[in-house]
Amino acid sequence: MAQLIRGAFAQSFFIPKPLLTEENLPDQTGRVHIVTGGYAGIGKELSSILYRHNAVIYIAGRNEDKAANAIEEIKTRNPDSKGRLEFLSLDLSDLTTIKAALETFCSREKRLDVLVNNAGVMMCPKGSKGKQGHELQLATNCLGPFLFTKGLIPILNETALTSSPGAVRVIWPSSITANMLSPNGGIKLGDDDAPQISSSQSTNYGQSKAANNFYAAEFSRRYGGNGILSVSFNPGNLATELARHLGPVDLLTAKLISHPARLGAYTELYAGWSPDIKMEDGGIFVIPWGRRGNDILRPDLRRAIEESKTNEKSIPRRFWEWSDMETAQYA
């Protein structure tokens with residue numbers, strides 16, 4: 001418990017200044033990025049930073065009007081950019097939309113340098129489900145991004161062939177709640193390896209965030225040899241739309257410890273673009289506002305990730321395989 005408290009404190013208060021910001025990010029001319037949920041909160045802030053440095057950014061999400069407004073705002077903020085902003089229609093809670101999004105992107109682009117799995121939902125009303133009937137946090141935070149990421153592996157592989165090691169990346173959003181709220185082992189799997197849904201939405205949310213730590217580690221194990229770097233991150237406690245489903249007391253608490261969304265974008269920037277992270281660091285956990293945080297992961301989560309390197313029955317491997325089977329018909 002003392003370690004959890006220290007870890008929560010380290011991710012919430014007296015956080016060191018970010019190492020990578022819009023002030024020292026190298027030019028991104030010619031590089032292509034996808035930011036899911038890139039029209040709000042930290043996704044919009046990250047997209048603005050990248051666009052300022054001449055990147056091509058696909059803002060992926062289901063709300064085209066929000067995306068159009070965000071794109072106009074980002075262009076206004078950065079009038080001298082030579083980059084490009086595009087909307088990509090994608091609903092992570094509906095697996096039937098993933099294939100069309102992949103086809104659209106791959107018909108337009110020949111490379112993908114960084115995939116930012118930024119979008120997510122938190123503490124949805126009890127009983128909320130995705131289009132295919134999965135608990136909504138599991139659908140939106142896990143299965144949708146998993147299927148989308150798997151579909152992008154061919155173009156990520158091609159890009160890695162002509163890029164420096166570690167330049168091509170996939171980053172996965174975890175949270176402090178992976179430590180605080182997930183069940184023992186990170187994910188509670190049933191006999192069929194399906195994640196068990198709790199009566200507590202906070203437990204379900206924590207489980208979905210621990211799942212992204214596991215996705216990052218397992219992706220690294222499977223595809224790191226292809227030159228793709230996979231990293232998970234906790235963006236930080238931030239004032240964004242993500243908290244919209246919290247009750248009054250939890251919402252007040254969240255506001256008291258929240259930081260501006262821009263700082264969360266720096267966490268993502270470090271995870272996706274920092275030269276400090278090398279190929280041998282695949283699967284690491286990044287914490288605010290861009291630091292290595294493996295040592296503050298809960299011991300059982302660290303143990304599960306370590307076991308997954310050699311044990312095919314480990315929770316991360318079993319969850320990956322279940323995710324693969326559960327989404328196969330929509331690939």
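The following exercises, each with a worked solution, concern the fold of a predicted model.

Residues are numbered from 1 along each chain as its sequence is written, and side-chain values use heavy atoms, with hydrogens and water left out. Because the model is predicted, local features need pLDDT of at least 70 and side-chain atom pairs count only at pLDDT 80 or more, whereas totals for chains, interfaces and linings use all residues.

**Exercise 1. Overall composition**

Task: State how many helices and strands the chain has, what share of its residues is buried, and what share of its accessible surface belongs to carbon and sulfur atoms.

Solution.
1. The chain holds eleven helices and eight strands; helices (H or I, at least four residues) and strands (E, at least two) are DSSP runs, numbered from the N terminus.
2. Of the 331 residues, 60% are buried, where buried means under 20% relative accessible area, exposed over 50% and partly exposed in between (1.4 Å probe, protein chains only).
3. The accessible surface is about 14,000 Å², and carbon and sulfur atoms account for 52% of this area. The areas come from the Shrake-Rupley method with a 1.4 Å probe; for residues, only the protein chains shown count as cover.
4. Among contacts (heavy atoms within 4.5 Å) between residues at least 6 apart in sequence, 76% join residues at least 24 apart.

**Exercise 2. The order of the sheet**

Task: Give the strand order of the sheet, identify its edge strands, and trace the pairing from strand 1 to strand 7.

Solution.
1. The eight strands form an open sheet in the order 3-2-1-4-5-6-7-8, with mixed pairing; two strands pair if DSSP finds at least two bridges between them.
2. Strand 3 (84–89) and strand 8 (291–292) are the edge strands, each pairing on one side only.
3. Strand 1 (residues 32–36) runs parallel to strand 4 (residues 114–116) and is joined to it by three bridges; Ile-34 stands opposite Leu-115 in strand 4.
4. Three bridges pair strand 4 with strand 5 in the parallel sense, and Val-114 has Arg-169 in strand 5 as its bridge partner.
5. Strand 5 (residues 168–173) and strand 6 are parallel and share six bridges; here Arg-169 has Leu-229 in strand 6 as its bridge partner.
6. Strand 6 pairs with strand 7 (residues 285–287) in the parallel sense over two bridges, and Ser-232 is partnered by Phe-285 in strand 7.

**Exercise 3. Burial of strands 5 and 6**

Task: Determine which residues of strand 5 and strand 6 point each way, and which helices lie across these strands.

Solution.
1. In a regular strand the side chains alternate between the two faces of the sheet.
2. In strand 5, Val-168, Val-170 and Trp-172 point one way, while Arg-169, Ile-171 and Pro-173 point the other way, and all are buried.
3. In strand 6, Ile-228, Ser-230 and Ser-232 point one way and Leu-229, Val-231 and Phe-233 the other way. Six of the six residues of strand 6 (residues 228–233) are buried, so this strand is largely enclosed by the rest of the structure.
4. Helix 5 (residues 136–161) lies across strands including strand 5 and strand 6, at about 165 degrees to strand 5. Helix 9 (residues 261–273) also lies across strands including strand 5 and strand 6, at about 140 degrees to strand 5.
5. For these angles, axes are lines fitted to C-alpha atoms, for helices over the stretch in contact, and angles run from 0 to 180 degrees between N-to-C directions.

**Exercise 4. A helix pair**

Task: Describe the packing of helix 7 and helix 11 and the residues of their contact.

Solution.
1. Helix 7 (residues 201–223) packs against helix 11 (residues 315–327) at an angle of about 85 degrees, with the axes 9 Å apart.
2. That makes the two helices roughly perpendicular (65 to 115 degrees).
3. Residues of helix 7 in the contact include Phe-214, Tyr-215 and Arg-222, and those of helix 11 include Pro-316, Phe-319 and Trp-320.
4. The contact residues divide into nine nonpolar, one polar and five charged. Ala, Val, Leu, Ile, Met, Phe, Trp, Tyr, Cys and Pro count as nonpolar, Asp, Glu, Lys and Arg as charged, and the others, Gly among them, as polar.

**Exercise 5. Backbone exceptions**

Task: Locate the positive phi values of Asn-54 and Met-123 and the cis peptide bond from Pro-288 to Trp-289.

Solution.
1. Most residues other than glycine have a negative phi, and most peptide bonds are trans.
2. Asn-54, in the loop between helix 2 (41–52) and strand 2 (56–61), has a positive phi of about 75 degrees. Asn-54 is buried, with a relative accessible area of 18%, and is touched by Gly-83.
3. Met-123, in the loop between strand 4 and helix 5, has a phi near 50 degrees. Met-123 is buried, with a relative accessible area of 18%.
4. The peptide bond from Pro-288 to Trp-289 is cis, with omega near -15 degrees; Trp-289 is in the loop between strand 7 and strand 8.

Technical notes. Angles under 35 degrees count as roughly parallel, over 145 as roughly antiparallel, 65 to 115 as roughly perpendicular and the rest as oblique. Lists of a residue's contacts leave out its neighbours within four places in sequence.
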